[in-house]
Amino acid sequence: MPALSDIAFQTSISPDCAETFDVSQVLSTCPTSHDLLDVEYDWNRVPVPASLNEFEKRWANRHNPLDFSGVWRFRELFPFAPDDQIVTIGEGQTILQQSDAIGKYVGLKHGLLHLQYEGLNPSGSFKDNGMTAASTHARMVGAKVAACASTGNTSASLAIYAGVSGLFKVLVFVGSGKIAYGKLSQALDYGAMTLQIKGDFDDALKQVRDVCQQAGIYLCNSVNPFRLEGQKSIIFRILEGLRWEVPDWIVVPGGNLGNASAFGKALIELKHLGLISELPRLAVINAAGANTLYELYDRRGLRWNGGRPDQTLMDAFYTDMDARNRRANTLASAIEINRPVNLKKCLRALDACQGVVREIADGDILDAKAIIGAGGFGCEPASAASVAGAKLLRQQGVIGASDRVVCILTGHQLKDPDATVGYHAVEESPKLVEKGVTRRVFQNSPVVVENDFDRIMEVVRRMSS
């Protein structure tokens, strides 16, 4: 195999910029076009397998940490790192689970609804797929400190990689009151220094980008192109779970839009390499209280436009948003983001995959979350946006009853236990009511019973009858 420095490089997503940059450079945007960057490859020099099923051979070599990893066993599909520089903690051991109970809720026929459950990652969310790649690049460039802004999952993931590897220290920026405690506890426990900014995620991200630029700190938010290379592996595992067949739909929650962007890039590359013959359709689901993509894409007609989306339209939207002091506001804290940094890359993914965008109210998200949990897959609220979105698209006739659908569950239930307890509690939760959730269709409240054997047995008999 040729030297990786000869086949991997960074380049702007703008079609009007032809500059390339070495993978040894630490950049979050192109210095020339000021657009986001992609990691690209000279595929003619990469020994890509002739068929995706050849990757299955690595299951027999799982004593090798790289082949055990559900990310790095596909490393020929993002070959930017030498094997001896890769940082892995066993990420990507996630499953594609078919669920008829949830499929019935969505409105699909038997056997057609699948859940990609990323809550099984070491830190409990999909972020580990990208953070193993970002940590690897940080090691390659000799970073001693890494930082991120976070609604919770990114900070937990970055902190666990730093703690396990011991390669760098971690600085985390979070917004005041804008992070679930289940997630914040992880960053604290894993040893990260946490700065709580008096603002929201968008404020924290602006600050961390400026701090990293000024102090020479390695930035690990999804504006980092190497993060998204690792997140491509979710697509590879979906296809693996479907015996390398392409589903009709992939439905994903939309926050900073890193997953949707990574999915699009992965699918475009697989089609280019002849490893799949067609692309699935992509649905990106916003929470109604954090619906920038929906507003721009569905209501204002913003499109990829061959890599030249209407910047004037985007600027006007953000100017108006600032003038009205409109802030993201949803119980789905992981996607409570007003200014998604990967907006343009997501537009590319939607263009390639005949994509659609929808918004979902918090009440519908929590109802879907309850159904998912009852089916045995507890997830955080943002994850449930994918199932709620699939149900809406089925009701609208966009998704057909006979379509094969994969919904991404991005994070574990214990990331935000307050939302779960609030939904099922006997008394109304002020936090839920504040967000407009006044009905709990699938509420499963604890039964209050006196400390008396006979009374307890009455309840038990009612349950058994």
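Student: I'd like to start with Ala 50: is this residue buried or exposed?

Tutor: Good place to begin, though keep in mind that this is a predicted model. The general idea is that a residue counts as exposed when its relative accessible area is over 50%. Ala 50 has 67% relative accessibility, so it counts as exposed.

Student: Where in the fold is Ala 50 found?

Tutor: Look at the loop that runs between β3 (37–41) and α2 (65–68). While you are there, find Leu 275: the two residues are 225 apart in sequence, yet their C-alpha atoms are 7.2 Å apart in space.

Student: Let me step back to the whole protein. How many helices and strands does the protein have?

Tutor: There are 18 helices and 13 strands. The radius of gyration is 22 Å, close to the 23 Å that the globule rule gives for 465 residues, so the protein is as compact as a globular protein of that length. Along its principal axes, the C-alpha trace spans about 75 × 50 × 45 Å.

Student: What share of the residues is buried?

Tutor: Buried residues make up 57% of the 465. In soluble globular proteins, nonpolar side chains tend to be buried together. Here the largest nonpolar core holds 97 residues, and Phe 80, Ile 235 and Leu 282 touch the most other members. Apart from that core lies another, of 35 residues, among them Tyr 117, Ile 365, Ile 372 and Cys 407.

Student: How do I read a helix that sits inside the structure? Which residues of α11 are buried?

Tutor: Check each residue against the cut-off: buried means under 20% relative accessible area. In α11 (residues 292–299), 6 of the 8 residues are buried, so this helix is largely enclosed by the rest of the structure. The buried ones are Thr 292, Leu 293, Tyr 294, Glu 295, Leu 296 and Tyr 297.

Student: What covers the buried residues of α11?

Tutor: The cover includes β11 (281–287), α12 (311–323), α13 (343–352) and β12 (356–360). Just after α11, you can also spot Gly 301, with a positive phi of about 75 degrees.

Student: Which residues other than glycine have a positive phi?

Tutor: Arg 243 is one of them, with phi near 55 degrees. It is placed in the loop between α9 (233–241) and β10 (249–253), and counts as exposed at 71% relative accessibility. Asn 325 is another, with phi near 50 degrees. Asn 325 lies in the loop between α12 and α13 and is exposed, with a relative accessible area of 55%.

Student: Now a lysine: is Lys 369 buried or exposed?

Tutor: Lys 369 counts as buried, at 8% relative accessibility. Its place is in helix α14 (residues 362–374). To see its surroundings, leave aside neighbours within four places in sequence: Lys 369 is then in contact with Cys 379, Glu 380, Pro 381, Ala 384, Gln 413 and Thr 420.

Student: Can we finish with a strand residue? What does His 114 touch?

Tutor: Let's place it: His 114 lies in strand β5 (residues 113–117) and is buried, with a relative accessible area of 9%. Not counting residues up to four places away in sequence, His 114 touches Leu 96, Gln 97, Gln 98, Leu 242, Arg 404, Val 405, Val 406 and Cys 407. That last name may look familiar: Cys 407 is among the residues of the 35-residue core.

Note on methods
Residues are numbered from 1 along each chain as its sequence is written. This is a predicted model: local features need pLDDT of at least 70, side-chain atom pairs count only at pLDDT 80 or more; totals for chains, interfaces and linings use all residues. Side-chain values use heavy atoms; hydrogens and water are left out. A nonpolar core is a set of buried Ala, Val, Leu, Ile, Met, Phe, Trp, Tyr and Cys residues joined through side-chain atoms within 4.5 Å. Buried means under 20% relative accessible area, exposed over 50%, partly exposed in between (1.4 Å probe, protein chains only). Helices (H or I, at least four residues) and strands (E, at least two) are DSSP runs, numbered from the N terminus. The radius of gyration is taken over C-alpha atoms; the globule rule is 2.2 Å times the number of residues to the power 0.38. Contact means heavy atoms within 4.5 Å.
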